[in-house]
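Good morning, and thank you for making time for this presentation. Please take a moment with the sequence and the structure before I begin.

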Amino acid sequence: MEIKLINTARGSLQELRADYLDYLHTHHLNVWQKDNPRQQRLRNFCHKHNDYSDYEPLMGKMNDEEMANLALTLCHQADKMMCRYLERLEERFVKEGGIKERMYAARTGYRQAQDAKLKSLEEENARLKAENQNLRKKLEELEKKIISNPRNP
């Protein structure tokens with residue numbers, strides 16, 4: 001489910017990115033390419049700052065082209081992070097399985113532990129019954145001995 005939701009979020013992010021690109025093209029503004037020095041500085045800034053308060057002072061100073069390119073950069077970086085997270089989720093899914101498989105494993109493990117505990121208790125119960133029976137026999141023998149010879153126990 002988490003994989004599906006992340007993919008849905010990525011789809012929404014790609015739509016947003018397309019909207020910013022459309023805005024830039026419609027208004028005849030530049031989309032900064034990777035080799036553009038402004039884009040490189042912007043990517044470095046975005047890479048080191050992930051809180052709105054880091055960007056708030058810039059909002060009033062940036063023009064439309066700068067804001068749209070900033071948004072595109074953030075969209076690209078968020079998408080890249082989601083891709084890496086998806087890879088880890090998929091790897092974990094392959095290794096551990098989905099929620100149903102993990103729940104089955106947990107239930108099976110719990111049942112096996114309960115079965116082992118029950119077996120241990122049954123073995124202890126059998127041992128205690130045997131010990132109890134031996135003690136009763138000894139007690140009966142002792143009582144017979146006392147009854148047959150009351151002065152010498």
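I start with a definition: a residue is called buried when its relative accessible area is under 20%, exposed when that area is over 50%, and partly exposed in between. Please also keep in mind that this is a predicted model.

Let me apply the definition to D79. Its relative accessibility is 9%, and D79 therefore counts as buried. Which residues meet this aspartate in salt bridges? One partner is R10, and here the closest N and O atoms are 2.6 Å apart. This pair ties together distant parts of the chain, since R10 belongs to helix α1 and D79 to helix α4, with their positions 69 residues apart. R10, like D79, is buried. The other contact I wish to show is with R17, whose side chain meets that of D79 in a salt bridge at 3.9 Å, N to O. Again distant parts of the chain are linked: D79 sits in helix α4 and R17 in helix α1, 62 residues apart. R17 has a relative accessibility of 15%, so R17 is also buried.

The structure holds 5 salt bridges. A further one of them joins E131 and R127, with the closest N and O atoms 3.4 Å apart. These two residues lie in helix α5, which spans residues 99–148; because they are 4 residues apart there, about one helical turn separates them. How accessible are E131 and R127? E131 is partly exposed at 41% relative accessibility, and R127 is likewise partly exposed, with a relative accessible area of 47%. To return to the earlier group, R10, R17 and D79 are joined into one network by salt bridges that share partners.

I turn now to the nonpolar interior. In soluble globular proteins, nonpolar side chains tend to be buried together. In this model, the largest nonpolar core has 6 residues, namely I6, L13, C75, M82, L86 and L89. Two elements, α1 (residues 2–26) and α4, give two or more residues to this core. Which of the elements gives the most to this core? The answer is α4, with 4 residues.

One further residue of helix α4 deserves mention, namely Y85. Y85 has a relative accessibility of 33% and so counts as partly exposed. The C-alpha atoms of Y85 and I6 are separated by 8.6 Å, while the two residues are 79 residues apart along the chain.

Finally, the surface. Where does positive charge gather? A surface patch of positive charge is formed by K34, R43, K80, R84 and R88. Helix α4, residues 64–96, gives the most to this patch, with 3 residues. K80 is located in that helix, α4. Its relative accessible area is 54%, so K80 is classed as exposed.

There is also a nonpolar patch on the surface, made of L139, L142 and I146, which together have about 260 Å² of accessible area. L142 lies in helix α5. With a relative accessible area of 42%, L142 is partly exposed.

To summarise, helix α4 gives the most to the largest nonpolar core and also the most to the positive patch. D79, in the same helix, is linked to R17 in helix α1, and R10, R17 and D79 share one salt-bridge network. Thank you for your attention.

Key
Residues are numbered from 1 along each chain as its sequence is written. This is a predicted model: local features need pLDDT of at least 70, side-chain atom pairs count only at pLDDT 80 or more; totals for chains, interfaces and linings use all residues. Side-chain values use heavy atoms; hydrogens and water are left out. Patches are made of residues with over 30% relative accessible area and no salt bridge: like charges are joined within 9 Å, nonpolar side chains (Val, Leu, Ile, Met, Phe, Trp, Tyr) within 5 Å. Accessible areas come from the Shrake-Rupley method with a 1.4 Å probe; for residues, only the protein chains shown count as cover. A salt bridge is a side-chain nitrogen of Lys or Arg within 4 Å of a carboxyl oxygen of Asp or Glu. Lys and Arg count as positive and Asp and Glu as negative; His and the chain ends are not counted. The place of a charge is taken as NZ of Lys, CZ of Arg, CG of Asp or CD of Glu. Buried means under 20% relative accessible area, exposed over 50%, partly exposed in between (1.4 Å probe, protein chains only). A nonpolar core is a set of buried Ala, Val, Leu, Ile, Met, Phe, Trp, Tyr and Cys residues joined through side-chain atoms within 4.5 Å.
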